[in-house]
Amino acid sequence: LLGAMLWTAAHGAGASMWPNYMDSLGYAKTEITRLWGLAALVEFPSMAVAGIASDAIGRAPLLFAGGAFAAIVHIGYVTLAAVVPALLIIQVIRGFAFGSFTTTGMTFAAEWGSQQRRGRNSGVYNAANGAGGLIGTFLGGTIVQLLGFGSLYTVCALLAAGSAIAFLLLRRQQKAASEEKLPVGAD
């Protein structure tokens, strides 16, 4: 839940100010729209690939990838956003980050626990995402107003990295739990 909240906070804060940031870098409105559209175009196939990959390797690694990719994206916004070819690559990575997290997060929440708890788990997961969205929306404008865009995207990178760490810990917890269920002497 912490990972979901942190990821959504990073996404909400960054996305809420992204068009303004691009404008401050001198991008025209049509360029900003095309860049946003590029990320959205990548999101759909990324969701399909993430769903297939999470079935093959597990949900936690894809959630980790979503957090790690989001951290890379925000670092890219701080360091390379003024360079058009680099920004194109950053937007593609953003699509992968979004697809990896959104597809896998709800699936993981619904599958965690018994079938009788799926609705409850989904509700708690959505509450964590909602809290993250509120935190992110509040932070976005506030940080820009006080410290500027560079500080905002640095904070977003830290939040996204925090989500990746939370999902990495989730992966370790899952591995430990599955190893405890193995019979004595099993590898």
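Contact here means heavy atoms within 4.5 Å. The structure described is a predicted model.

## Two glycines in contrasting settings

By that criterion, and leaving aside neighbours within four places in sequence, Gly99 is in contact with Glu43, Ser46, Met47 and Ala50. Gly99 belongs to helix α4. Its relative accessibility is 0%, and because buried means under 20%, Gly99 counts as buried. The C-alpha atom of Gly99 is separated by 6.9 Å from that of Phe44, although the two residues are 55 residues apart along the chain.

Gly26 offers another setting. It is found in the loop between α1 and α2. Gly26 has a relative accessible area of 60% and is exposed. Between the C-alpha atoms of Gly26 and Met47 there is a separation of 31 Å, with their positions 21 residues apart along the chain. Met47 also appears among the contacts of Gly99.

## Salt bridges

Side chains of opposite charge can pair when their charged atoms come close. In this model the count comes to three salt bridges. The table lists the pairs with their N to O distances.

| Salt bridge | Closest N to O distance |
|---|---|
| Glu43 and Arg94 | 2.7 Å |
| Arg59 and Asp55 | 2.8 Å |
| Glu111 and Arg59 | 2.7 Å |

The side chains of Glu43 and Arg94 meet in a salt bridge of 2.7 Å, N to O. This pair links distant parts of the chain, with Glu43 in helix α2 (residues 29-57) and Arg94 in helix α4 (residues 84-111), 51 residues apart. Are the partners of this bridge buried or exposed? Glu43 counts as buried at 13% relative accessibility, and Arg94 is also buried, with a relative accessible area of 12%. Glu43 is, in addition, one of the residues in contact with Gly99.

The two other bridges involve Arg59. Glu111 forms a salt bridge with Arg59, the closest N and O atoms being 2.7 Å apart. Glu111 lies in helix α4 and Arg59 in helix α3, so the pair ties together parts that are 52 residues apart in sequence. Salt bridges that share partners join Asp55, Arg59 and Glu111 into one network. The accessibility of these residues varies: Arg59 is buried at 13%, Glu111 is partly exposed at 42%, and Asp55 is exposed at 60%.

## The surroundings of Arg59

Arg59 lies in helix α3, which covers residues 59-80. Its side chain takes part in a polar contact of 2.8 Å with the side chain of Ser54. A polar contact of 2.8 Å likewise joins the side chains of Arg59 and Asp55. When neighbours within four places in sequence are left aside, Arg59 is in contact with Ser54, Thr104, Thr107, Phe108 and Glu111. Ser54 is therefore both a polar-contact partner and a contact of Arg59 under the 4.5 Å limit.

## Cavity and pocket

A search of the whole structure finds one cavity of 30 Å³ or more. The largest cavity has a volume of about 140 Å³. Which residues lie nearest its centre? Of the 14 residues that line the largest cavity, these are His11, Val73, His74, Tyr77 and Arg94. Arg94 is also the partner of Glu43 in a salt bridge. Helices α1 (2-24), α3 and α4 each supply at least two residues of this lining, and the largest share, six residues, comes from α1. By residue type, the lining of the largest cavity divides into 10 nonpolar, three polar and one charged.

The largest pocket has a volume of about 350 Å³. It is lined by 16 residues, and the closest to its centre are Leu1, Phe108, Ala109, Trp112 and Tyr125. The elements that give two or more residues to the lining of the largest pocket are α1, α4, α5 (118-147) and α6 (149-180). The lining of the largest pocket comprises 12 nonpolar, three polar and one charged residue. Phe108, one of the residues closest to the centre of the pocket, is also among the contacts of Arg59.

Conventions
Residues numbered from 1 in each chain as written. Predicted model: local features only at pLDDT ≥ 70, side-chain atom pairs only at ≥ 80, totals over all residues. Heavy atoms only, no water. Helix = DSSP H or I, 4+ residues; strand = E, 2+ residues; numbered from the N terminus. Polar contact = N/O pair within 3.5 Å; in protein donor to acceptor, adjacent residues only side chain to side chain. Salt bridge = Lys/Arg side-chain N within 4 Å of Asp/Glu carboxyl O. Buried < 20%, exposed > 50% of the residue type's maximum accessible area, 1.4 Å probe, protein only. 1 Å grid on protein atoms, 1.4 Å probe; cavity = no way out; pocket = protein on both sides within 12 Å on 5 of 7 lines; lining within 4 Å. Points joined across faces, edges and corners; volume = space filled by probe spheres on them. Nonpolar A, V, L, I, M, F, W, Y, C, P; charged D, E, K, R; others polar.
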